[in-house]
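Thanks, everyone, for making the time this morning. I would like to walk through one model with you, going from a single strand outwards to the larger contacts, and I will try to stay close to what was computed.

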Protein chains: 2
Amino acid sequence: MSDNVKSNNAQFPQARLLSNRATWASGQPIDELMAMALAKPNIISLAAGFVDNETLPVEMTRNAVTDMLAESPAPLQYGTNHGDPELREMLLSNSVAQDNAAAQTQQACQTQLEQVLITPGSNQLLYMVADTLLDPGDIVICAAPSYFVFMGAVKNVGGRTLGIAIDQQGMLPDAIEEALQRLEDQGELQRVKAIYTIPYYDNPTGTSLSSERRQQILEIARKWSKYHKIYIISDEAYRLLRYQGDDIPSMHHWDPQLEHSIITSTFSKSYSPGIRVGWGYIPNELVEPLINHKSNLDFGSPFFTQRIMANVLKRGDWDRHVTRLREIYTTKQQAMLQALDKYLGSIENCHWYQPKGGLCMWLTLPDNIDTGPASTLLPTTIDAGLLYVPGQYCFPVEGQKVNRSTIRLTFGVQSASSIDQGIAILAESIAQIQS
Amino acid sequence: MSDNVKSNNAQFPQARLLSNRATWASGQPIDELMAMALAKPNIISLAAGFVDNETLPVEMTRNAVTDMLAESPAPLQYGTNHGDPELREMLLSNSVAQDNAAAQTQQACQTQLEQVLITPGSNQLLYMVADTLLDPGDIVICAAPSYFVFMGAVKNVGGRTLGIAIDQQGMLPDAIEEALQRLEDQGELQRVKAIYTIPYYDNPTGTSLSSERRQQILEIARKWSKYHKIYIISDEAYRLLRYQGDDIPSMHHWDPQLEHSIITSTFSKSYSPGIRVGWGYIPNELVEPLINHKSNLDFGSPFFTQRIMANVLKRGDWDRHVTRLREIYTTKQQAMLQALDKYLGSIENCHWYQPKGGLCMWLTLPDNIDTGPASTLLPTTIDAGLLYVPGQYCFPVEGQKVNRSTIRLTFGVQSASSIDQGIAILAESIAQIQS
């Protein structure tokens, strides 16, 4: 809460100015870091989840805009709350084909077009899902660590996040079951509304749920839906940024009618975050509540950018762009892995996962090193020219204990040589505070 | 609530599936009408708040996109929660200049750039303001009738709308005072968080608040801020669509530091609803809560469309477009006024306001004619080829009684001859059900 708000309340002691909900909302911790970075323009930021500026599809976007405006002025008119039907249809058939290829089957699409919803970025859909499912005090089970923007949305609506231990394959199904059993014993199982996961190249850890774990987690959601459905919110923002290994079918494949699964995705990572078009595949019974909410929240997403993406897809440019992104990011990811080996490989109790895609890596330092904003490491690295995200920002409020010796690194923005230089700075800063 | 939700709840009788808030949300009544209209493609719709397709700025938008993409790929990258600083600065200095011209003064701008916030359409900002100010049961005072999308947002967050009588100059200040006195007597004044007004060419009535009334309403908000601030939410979406008379200063002019006034506006009516860029001028103490909410709600508005509008403004194209819109809509508004005189002028107890701008007109029919969805008039006119918005959709839940003999007409989309034809159908349908 700002000082301004406090002083205004002081003027009016008999009642509060803001809603309860507004007092639950807090900004994203990363906003503060961004401000620090802006104050030092030459800093090497391995913090932001931005995409590589060099890869932004200027030419493809210009072509799509030219095509669509030559055809009709309609993209400049209002759209609908659901979003552009043509884009929704292309997205759905695309992703069913992708799942069939990954599973080597020919399962027919069992999801209706009505179950596809477009939002300006998938963040809005995640927020709307939280708002539609959670009353204050309700629980979402998340990996510990997990994506802080989603956890902020849960907090904003008064919900609780409960963290589950992970390994290199993501959330541990046994740990989810144990947590549910404990909540049942405490009479709190009715509070659990959803399990949130980023099954492909997780933000922040880079880990992916194996095929087997996906099915296990789906089974757990079914089994523990004793008082009401427990949904799985499957955030698939990074799926297309795959650099090694085979594609894995989405939760959608094992739950083709979307009885338990809410799938969200976005063009922000695989095309452009500035265009900001996201989408989701939604269980039938949530379509009407979400569309009602959407009609009050903003009366429909920008139609112009939806039509740009429809034209990008029709021109085949999305696939071409993703192919290019994979090449570029593979190089950057390799640079980061090599730099970590080179500069941090000899530090005892320092380890990281080897992600096969995405934009994030998760680093665990020795227990005695705190990486947070009140530590000595963060200001030391900032002074030396590197910005990272303290891992503690990524932990749910309840459940699995916060590990304060962790760091989220992203390799999307910097060049291979800056990545190398950044990790060198990190290693030097660690050596400096340990000496 | 859909049948699907009911049946799912029936499966899980011990607890509910959705949040309380999701059960408060309902879709916009106009969605149903749009579906009716789509089923009859040749219907003359005087219902939708769409803008004229012929006026959509295809060429200007293409030029802006070409310019901006030639300069930098940045519009394809993430923006910030606040929105593009260059666009915010242009908007603020523009509107201060406009107020100074209207008031014939040279008041310096007292609003900080930080107080300007961009959202995808002003609807999102209206929703966020409702969510930030209102706890369930809190009250927003509105004109009766008022804008149904905003009233839907208030309902979505559990708030109450209380309607105030109007005349041809909008809300009656005395009626606001009486309502506040009554609420104070009932011990409910603490529930009142805001007064919502569309001071320029109101949706749905077309009326405008006079200079004097604006100042009176501001004075009322100040005077009755006994327990906490009572804000004025001034929705200025239609300001630039002025066809007759002089411009009137905004509430911002009499409250230059925005102590009580939240001003919202949008390019949807004055440029393009598909681009969907809106903005607001926000009291200092609400900046942080709103930005926090925004960072959870969607993590920032699409940057691409904000940069399009910045380029449109820099090219001077917004002014040029508004000049053209004024000419086109003046003709349409005249056509509607003439048709109303011609076809409905002789019906006793049938009257309408003469708006000087905007896109809406408000028609009151004789008391014995119900215009609603369960009436005989609406299906009669739809069969005959005309769609209108039943006025009853536009009334707040509490306060001033609903007038079921009213109609909202819009003249943005149809040609002058279709407007004439539409009003002729309305007159015939009235004659038919009265005989």
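Let me begin in chain B, where strands S7(B) and S8(B), the latter covering residues 231-235, run parallel and are joined by four bridges. Before I go further, please keep in mind that this is a predicted model. Within that pairing, if you want a place to put the cursor, Ile195(B) stands opposite Ile232(B), which belongs to S8(B). The connection can be followed as well, since S7(B), helix H9 of chain B, at residues 211-223, and S8(B) together make a β-α-β unit that is right-handed.

S7(B) has another partner, namely strand S3 of chain B, residues 139-143, which runs parallel to S7(B) and is joined to it by three bridges. Here the pair to look at is Ile139(B), which has Val192(B) of S7(B) opposite it.

Now, is S7(B) buried or exposed? Of the six residues in this strand, residues 192-197, six are buried, and therefore the strand is largely enclosed by the rest of the structure.

Let me move from the strand to the contact between the chains. There, 75 residues of chain B are in contact with 75 residues of chain A. On the chain B side, the elements that contribute two or more residues are helices H1 (3-11), H2 (20-24), H4 (58-71), H6 (122-133), H7 (148-156), H11 (284-297) and H12 (303-314). Which of these gives the most? That is H11(B), with 10 residues. By residue class, this side of chain B divides into 33 nonpolar, 31 polar and 11 charged residues.

Finally, I turn to chain A, which is divided into domain 1, made of 25-55 + 320-434, and domain 2, spanning 74-315. The C-alpha centres of these two domains of chain A lie 26 Å apart, and the contact between them takes 33 residues from domain 1 and 37 residues from domain 2. On the domain 1 side, two or more residues come from each of helix H3 (29-39), helix H13 (317-344), strand S12 (360-364) and strand S15 (398-399) of chain A. H13(A) gives the most to that side, with seven residues, and the side as a whole divides into 18 nonpolar, 11 polar and four charged residues.

I will stop there and take your questions.

Notes
Residues numbered from 1 in each chain as written. Chains lettered and ligands numbered in written order. Predicted model: local features only at pLDDT ≥ 70, side-chain atom pairs only at ≥ 80, totals over all residues. Contact = placed C-beta atoms within 7 Å. Nonpolar A, V, L, I, M, F, W, Y, C, P; charged D, E, K, R; others polar. Buried ≥ 20, exposed ≤ 12 C-beta atoms within 10 Å, placed from the backbone. Pairing = 2+ DSSP bridges. Right-handed = clockwise from strand over helix to strand, strands pointing away. Domains from an automatic or database assignment.
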